[in-house]
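Biologist: I should be grateful for a close look at the pockets of this protein, with an account of what lines them and of the residues and cores elsewhere in the fold.

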Amino acid sequence: MDNDFRQDNVMKGAGALRKAQRVEKVHFGSMSFNTGISGQLDSNKYTLFNLMADDKANELSFGQRIAMINSWITDMDANKHWLYKRELVDGCRTEPQVKKGAGEARSMINLGSNDYLNLAQHPRIKAAAIQAIYEAGLGSGGSPMLSGTLSTHRKLERKLAQVKGCEDAAVFTSGFSANTGVISALMGRNDAAIYDRYAHASLMDGSHGTNRLFFSHNDVDSLKFILEKNRHKYNNKLVILDGVYSMDGDIARLDEILEVAHHYHAWVLVDEAHATGVLGANGHGTTEHFNVRGKVDIITGTLSKAIGSVGGYVAGSKSLIQFLGPVSRPYMFSTAPLTASSAAALEALNVIEEEPQIRAKLWENIHFMQSALNNMGFNLGDAETAILPLILGDDYKVKQMATRLDAAGIFVNPVPYPAVPRRLSRVRLSLTAGLTQEQLTYSLAQIKRIGEELDVI
């Protein structure tokens, strides 16, 4: 641990009617914090934002910053707040064996997965991945622009283009790299990226060093105001949004946004990460849901949500995809995706089209859970898909609820500030098609019990 790290005891007055008590302090450079039950930085009192957003954190050495965060994590472990990086022993399932710390693995109902159609365990898809390894090996051996483009990749790209109603597509190693790769390739110093305020972090990161403007979440009038105000400013404008928002579960008003953006000669990029496989008559996503196939300038997404694999893609005109090859740095300087993950994604896209009953079951689960949680009195915001946020607006209660649900055998994800606005901190539920009525009914009973205990409903 860094030499500047030290712990001191200080005396704190407790008032005229109370005896002074000793309060442990832990110091990192000029930053000082109360300690928790572990003798380390109190994880119940301080959030990650308290630690890293403080200007004093910029004055710390590498070692001090590392020691500070590790002290916070140590105290979380001591409190048995194992809410991050829990180990799924037997893979992504509706009821996996989950291991926390050094303890034994135990069965938990998984309400924290983005594998909306449970395709990560689908036999056809696993068989396709295995067959691809036998036929073409595992790694691609190079970047897509050099020696890394395999027949599996091109088959997947053609399928993605067909699904999204585009001329062509390019496959990236992740959805994050696809988003940063296309936005950074297009945007210049005299251009403007115009974001929905709730757009995903990977979309935001693509425009660093460029002009950035923001419109109110899912507010077409706000977008129109921004475009009108900047009508004669900037060479190019790119409106950027999610098809389904990952923390709120609401659907972008894509049809209206397209109309307004194109009226002002702006391009539109929509990230379909949480929409593909979930929305549309054939599971093709937001563009199919709104019947605007072929009208969106750029479509991006991941292969790791309902598709059940890993990787990302950009779909658009043939000229756009050719442009990205030599210009997009994540595409040029990363090795192409594994054959197994690409073959799995290709087969998953076929399964999504050929087995609509899986998507129908997902929507049955969505409607059941949404109705029950609303009736209990939980605030779900504008959620309308498989993502159901229990908005509590209190980081401590978010942690407590997630911890108590964990103890009850229910795997959920806490989302504190600053991942969402402070007044909107939440426990995020993600529903999948394979969850049974018994699992959902048990989960609802525990959610209601704990919600009453914490006085959040």
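Modeller: The model is predicted, and the pockets are the natural place to begin. The largest pocket has a volume of about 780 Å³. Its lining comprises 37 residues, and those closest to the centre of the pocket are Leu48, Trp72, Tyr84, Pro414 and Pro416. Four elements give two or more residues each to this lining: helix H1 (48–52), helix H2 (62–78), helix H14 (395–407) and strand E17 (413–415). By class, the lining of the largest pocket holds 20 nonpolar, eleven polar and six charged residues.

Helix H2 merits a further remark, for Ser71 is found in it. Ser71 counts as buried because its relative accessibility is 1%, and the cut-off for that class is under 20%. Beyond its neighbours within four places in sequence, Ser71 is in contact with Phe28, Gln40 and Leu41.

The second largest pocket encloses about 380 Å³ of space. Among the 17 residues that line it, Tyr198, Ala199, Pro418, Ala419 and Val420 lie nearest its centre. Twelve residues of this lining are nonpolar, two are polar and three are charged.

Next comes His200, which is placed in the loop between strand E9 (192–196) and helix H6 (201–205). With a relative accessibility of 31%, His200 counts as partly exposed, since that class lies between the limits of 20% and 50%. The side chain of His200 is joined to that of Ser202 by a polar contact of 2.8 Å. Apart from residues up to four places away in sequence, His200 touches Asp242 and Ser246. Gly103, by contrast, is 97 residues from His200 in sequence, and their C-alpha atoms are 34 Å apart in space.

The nonpolar cores complete the account. In soluble globular proteins, nonpolar side chains tend to be buried together. Here the largest nonpolar core has 88 residues, and those with the most contacts inside it are Leu111, Val239, Leu241, Leu373, Leu390, Met401 and Leu429. Helix H12 (residues 339–354) gives the most to this core, namely eight residues. A second, separate core has 21 residues, including Ala170, Ile298, Leu320 and Leu324.

Leu111 illustrates the surroundings of one core residue. Not counting residues up to four places away in sequence, Leu111 touches Ile410, Phe411 and Val412, then Arg428, Leu429, Ser430 and Leu431, and also Leu435, Leu440 and Ser443. One of these partners, Leu429, is itself listed with Leu111 among the residues that have the most contacts inside the largest core.

Note on methods. Residues numbered from 1 in each chain as written. Predicted model: local features only at pLDDT ≥ 70, side-chain atom pairs only at ≥ 80, totals over all residues. Heavy atoms only, no water. 1 Å grid on protein atoms, 1.4 Å probe; cavity = no way out; pocket = protein on both sides within 12 Å on 5 of 7 lines; lining within 4 Å. Points joined across faces, edges and corners; volume = space filled by probe spheres on them. Nonpolar A, V, L, I, M, F, W, Y, C, P; charged D, E, K, R; others polar. Buried < 20%, exposed > 50% of the residue type's maximum accessible area, 1.4 Å probe, protein only. Contact = heavy atoms within 4.5 Å. Polar contact = N/O pair within 3.5 Å; in protein donor to acceptor, adjacent residues only side chain to side chain. Core = buried A, V, L, I, M, F, W, Y, C linked by side-chain atoms within 4.5 Å.
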